[in-house]
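Trainee: I have this model open and would like a close look at a single part of it, the strands at its centre of attention. Could you walk me through how they pair and what surrounds them?

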Amino acid sequence: MGISLTWVAVESLPVDEALLRLCLARTGQNAEQRFHGVSGHALPGGWFLVAAIPCDHRIGTDTSMAALSKGCRAVACAVEEHVNFASTELWQDGSRVWHVEHAGDQDVENISHGGALPARFHELLATVEPGDSENLDGHFHMDIPLLLARDLTGFLYCESNPEIDATPFEQLKDLMPTRRWWQLWK
């Protein structure tokens, strides 16, 4: 089994303001699982993380990221392990600065990108393992967006981090109404 996850992180913005911009609210309850529903967690270095299931959750949309990143920096990351997909975007002051995406269901060496990419992108791309490599100590095309997100925020969803692991994630409440399929015609 693989994970289907969207997560966003915002730097130097009060938590309550970040949640308000994402139409979320605190519950004061610990999340049963790290990635279940929508949850939040403070990250080292002044970042605040919001994680949600699935990989196309609304918190990672252009509209949400433009609102979240006003006056600060924010990162959006999506991963769908089932189809070997990962993407990361850096936003600042309401605009996307750069994006990197790997869609492995199209091609194991697929990578698309745009914007003012960090130099680290080119380093990672130059040292990527070929798709058929058995070197598990190396990195692959799917890892590139995820490693770029970790470089900024210190967070990688599949890595153990004592600073993060020591505190449970907080369950968040989604304040955005959800339309059901039978309501689409109204």
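Mentor: Happy to. In this predicted model, the elements run β-α-β-β-β-α-β-β-β-β-α-α-α-β from the N terminus on. That order holds 5 helices and 9 strands. The radius of gyration is 17 Å, close to the 16 Å that the globule rule gives for 186 residues, so the chain is as compact as a globular protein of that length. Along the principal axes, the C-alpha atoms fill a box of roughly 45 × 45 × 35 Å. Of the 186 residues, 45% count as buried. Among contacts between residues at least 6 apart in sequence, 60% join residues at least 24 apart.

Let's begin with strand S1, residues 4-11. Here 8 of the 8 residues are buried, so S1 is largely enclosed by the rest of the structure. If you colour its side chains by direction, Ser4, Thr6, Val8 and Val10 point one way, while Leu5, Trp7, Ala9 and Glu11 point the other way. Both sets are buried, Glu11 included.

S1 has two partners to look at. One is strand S5 (residues 73-80), which runs antiparallel to S1 and is joined to it by 7 bridges. To find the register, look at Leu5, which stands opposite Val79 in S5. The other is strand S4 (residues 47-52), also antiparallel to S1, with 6 bridges between the two. In that pairing, Glu11 stands opposite Trp47 of S4.

From S4 you can step on to strand S3, residues 38-43. S3 and S4 run antiparallel and share 6 bridges, with His41 of S3 opposite Leu49 of S4. The two strands form a hairpin with 3 residues between them. In its turn, Gly45 has a positive phi of about 85°. S3 is mostly covered as well, since 5 of its 6 residues are buried.

S3 also pairs with strand S9 (residues 170-174). The two run antiparallel, joined by 2 bridges, and Gly40 of S3 stands opposite Glu170 of S9.

Two residues in this region reward a slower look. Gln171 lies in S9. With a relative accessible area of 16%, Gln171 is under the 20% cut-off and therefore counts as buried. Leaving aside neighbours within four places in sequence, Gln171 is in contact with Thr27, Gln29, Asn30, Ala31, Glu32, His36, Gly37, Val38 and Ser39. For a sense of scale, the C-alpha atoms of Gln171 and Ala86 are separated by 24 Å, and these two residues are 85 apart along the chain.

Gly37, one of those contacts of Gln171, sits in the loop between strand S2 (24-30) and S3. Its relative accessible area of 32% makes Gly37 partly exposed. Not counting residues up to four places away in sequence, Gly37 touches Ala51, Ala52, Ile53 and Gln171. Gly37 and Ile53 are 16 residues apart in sequence, with a C-alpha to C-alpha distance of 5.6 Å.

Now follow the chain to another set of paired strands. Strand S6 (residues 85-92) and strand S7 (residues 95-103) run antiparallel, joined by 8 bridges. Ser87 stands opposite Glu101 of S7. The hairpin of S6 and S7 has 2 residues between the strands, and Asp93 takes a positive phi near 50° there. S7 pairs in turn with strand S8 (residues 112-115), in the antiparallel sense and over 4 bridges. A useful pair to mark is Val100 and His113, the latter being the bridge partner in S8.

For contrast with the strands, try helix H4, residues 143-153. Its buried residues are Ile144, Pro145, Leu146, Leu147, Leu148, Ala149 and Thr153. Just after H4, Gly154 takes a positive phi of about 80°.

Finally, a word on the surface and the charges, which you may want to keep in view. The chain exposes about 9900 Å², and carbon and sulfur atoms supply 52% of that area. There are 13 positive and 26 negative charges, and their mean positions are 14 Å apart.

Methods: Residues are numbered from 1 along each chain as its sequence is written. This is a predicted model: local features need pLDDT of at least 70, side-chain atom pairs count only at pLDDT 80 or more; totals for chains, interfaces and linings use all residues. Side-chain values use heavy atoms; hydrogens and water are left out. Two strands pair if DSSP finds at least two bridges between them. The radius of gyration is taken over C-alpha atoms; the globule rule is 2.2 Å times the number of residues to the power 0.38. Buried means under 20% relative accessible area, exposed over 50%, partly exposed in between (1.4 Å probe, protein chains only). Contact means heavy atoms within 4.5 Å. Accessible areas come from the Shrake-Rupley method with a 1.4 Å probe; for residues, only the protein chains shown count as cover. Lys and Arg count as positive and Asp and Glu as negative; His and the chain ends are not counted. The place of a charge is taken as NZ of Lys, CZ of Arg, CG of Asp or CD of Glu.
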